[in-house]
Amino acid sequence: IEINAHEFITLASPNGDSRVSLIFFHLPDGNLAGQGFKATDYQSLHKLFIGQTTTINSVDGTSYYTYAQLVTAIQDIISFYKPTQVWTQSSYVDSSADHSDHGTTGKFTTLALNTYNQINNLSIPVTYYLGYQMNALPANIAGVDSINKELVFKQYAIYDKNICSTYTYCQNLSTYKSYFSREYTWAY
């Protein structure tokens with residue numbers, strides 16, 4: 001879907017539940033500490049956020065964003081959906097415990113939502129979810145909730161060839177296995 005000139009996203013929803021939308025910008029993996037990878041010219045959301053680079057290009061070559069353009073693109077998505085609640089990755093960044101893209105995504109989302117709220121005189125609440133850090137915490141979801149979480153994860157896995165894509169394969173990987181039985185929020 002083209003949201004602005006030279007800005008394309010992919011939209012996916014779990015089968016049977018259009019209330020949930022996964023939106024993919026196809027931006028490069030920023031690597032754990034935000035240093036990026038050689039294959040994508042060491043680009044990362046972290047570098048864009050801190051001003052170490054002025055643009056970031058999508059991995060499929062269809063889109064590019066400056067800091068302001070990315071914030072605007074997220075605001076445009078918020079404006080289109082008109083949510084009453086936003087859920088995103090925690091903006092807490094600890095490179096020793098989580099991936100740089102997680103916290104930086106939370107920061108960009110917060111900035112876009114805050115700006116949208118100010119422009120529209122709204123106060124849409126946001127809930128932040130921990131990323132990799134939750135592996136060290138006790139399991140807190142089971143049964144249908146765990147199965148539903150796995151189904152959403154599988155929608156994501158379609159677009160990421162570097163993660164497990166089947167339940168059996170994920171169950172054999174300690175990190176991914178623990179994700180299906182955990183879900184933790186954070187203050188920011």
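These exercises, each with a worked solution, explore a predicted model.

**Exercise 1. The sheet**

Find the order of the three strands in the open sheet, and work out which strands are its edges.

*Solution.*
Step 1. Start with β7 (residues 86–89) and β8 (residues 126–129). These two strands pair in the parallel sense, over four bridges.
Step 2. Check residues across that pairing. Valine 86 stands opposite valine 126 in β8. Glutamine 89 has tyrosine 129 of β8 as its bridge partner.
Step 3. Move to the other neighbour of β8. Strand β9 (residues 185–186) is joined to β8 by two bridges, and the two run antiparallel. Here tyrosine 128 stands opposite tryptophan 186 in β9.
Step 4. Put the pairings together. The order is β7-β8-β9, and the pairing is mixed. The edge strands are β7 and β9, since each pairs on one side only.

**Exercise 2. The second largest pocket**

Describe the lining of the second largest pocket: name its residues, sort them by character and say which element gives the largest share.

*Solution.*
Step 1. Note the volume, which is about 150 Å³.
Step 2. List the lining. It consists of Ile1, Ile3, Ile9, Leu11, Ile23, Asp76, Ile77, Phe80 and Tyr81.
Step 3. Sort these residues. Eight are nonpolar, none is polar and one is charged.
Step 4. Look for the main contributor. Helix α2 (residues 67–81) gives the largest share, with four residues.

**Exercise 3. Aromatic pairs**

Compare the ring geometry of the pair tyrosine 67 and phenylalanine 108 with that of the pair phenylalanine 80 and tyrosine 81, and state how exposed each residue is.

*Solution.*
Step 1. Set the scene. The whole structure holds seven aromatic pairs.
Step 2. Take tyrosine 67 and phenylalanine 108. Their ring centres are 5.3 Å apart, with 55° between the planes, and the pair is tilted. The pair links distant parts of the chain: tyrosine 67 is in helix α2 and phenylalanine 108 is in helix α3 (residues 100–119), 41 residues apart.
Step 3. Grade the exposure of these two. Tyrosine 67 is partly exposed, because its relative accessibility is 30%. Phenylalanine 108 has 2%, so it counts as buried.
Step 4. Take phenylalanine 80 and tyrosine 81. Their centres lie 5.1 Å apart, and the angle between the planes is 90°, which makes the pair edge-to-face.
Step 5. Grade these two as well. Phenylalanine 80 reaches 66% relative accessibility, so it is exposed. Tyrosine 81 has 35% and therefore counts as partly exposed. Both residues are also in the lining from Exercise 2.
Step 6. Look for a wider group. Ring pairs link Phe49, Tyr67 and Phe108 into a cluster.

**Exercise 4. Helix α4**

Test whether the end-to-end distance of helix α4 (residues 143–157) agrees with the expected span, then name the buried residues of α4.

*Solution.*
Step 1. Count the residues: α4 has 15.
Step 2. Apply the rise of 1.5 Å a residue. The multiplier is one less than the number of residues. The helix should therefore span 21 Å.
Step 3. Compare. The end C-alpha atoms of α4 are 21 Å apart, which agrees.
Step 4. Pick out the buried positions of α4. They are Ser146, Glu150, Phe153, Gln155 and Ala157.

**Exercise 5. Loop residues**

Place phenylalanine 25, histidine 26 and asparagine 121 in their loops, and report the burial or exposure of each.

*Solution.*
Step 1. Begin with phenylalanine 25, in the loop between β4 (22–24) and α1 (45–50). It is buried, because its relative accessibility of 15% falls under 20%. From phenylalanine 25 to leucine 11 the C-alpha distance is 9.2 Å, with their positions 14 residues apart in sequence.
Step 2. Go on to histidine 26. This residue also lies in the loop between β4 and α1. Its phi is near 60°, a positive value in a residue other than glycine. With a relative accessible area of 23%, histidine 26 is partly exposed.
Step 3. Finish with asparagine 121, found in the loop between α3 and β8. Its phi is positive too, at about 50°, although asparagine 121 is not a glycine. The relative accessibility is 71%, so asparagine 121 counts as exposed.

Methods
Residues are numbered from 1 along each chain as its sequence is written. This is a predicted model: local features need pLDDT of at least 70, side-chain atom pairs count only at pLDDT 80 or more; totals for chains, interfaces and linings use all residues. Side-chain values use heavy atoms; hydrogens and water are left out. On a 1 Å grid over the protein atoms alone, a cavity is a set of points where a 1.4 Å probe fits but cannot get out, and a pocket is an open set with protein on both sides within 12 Å along at least five of seven lines; lining residues have an atom within 4 Å of a point. Grid points are joined across faces, edges and corners, and a volume is the space filled by probe spheres set on the points. Ala, Val, Leu, Ile, Met, Phe, Trp, Tyr, Cys and Pro count as nonpolar, Asp, Glu, Lys and Arg as charged, and the others, Gly among them, as polar. Rings of Phe, Tyr and Trp (its six-membered ring) pair if their centres lie within 6.5 Å; planes under 30 degrees apart count as stacked, over 60 as edge-to-face and the rest as tilted. Buried means under 20% relative accessible area, exposed over 50%, partly exposed in between (1.4 Å probe, protein chains only). Two strands pair if DSSP finds at least two bridges between them.
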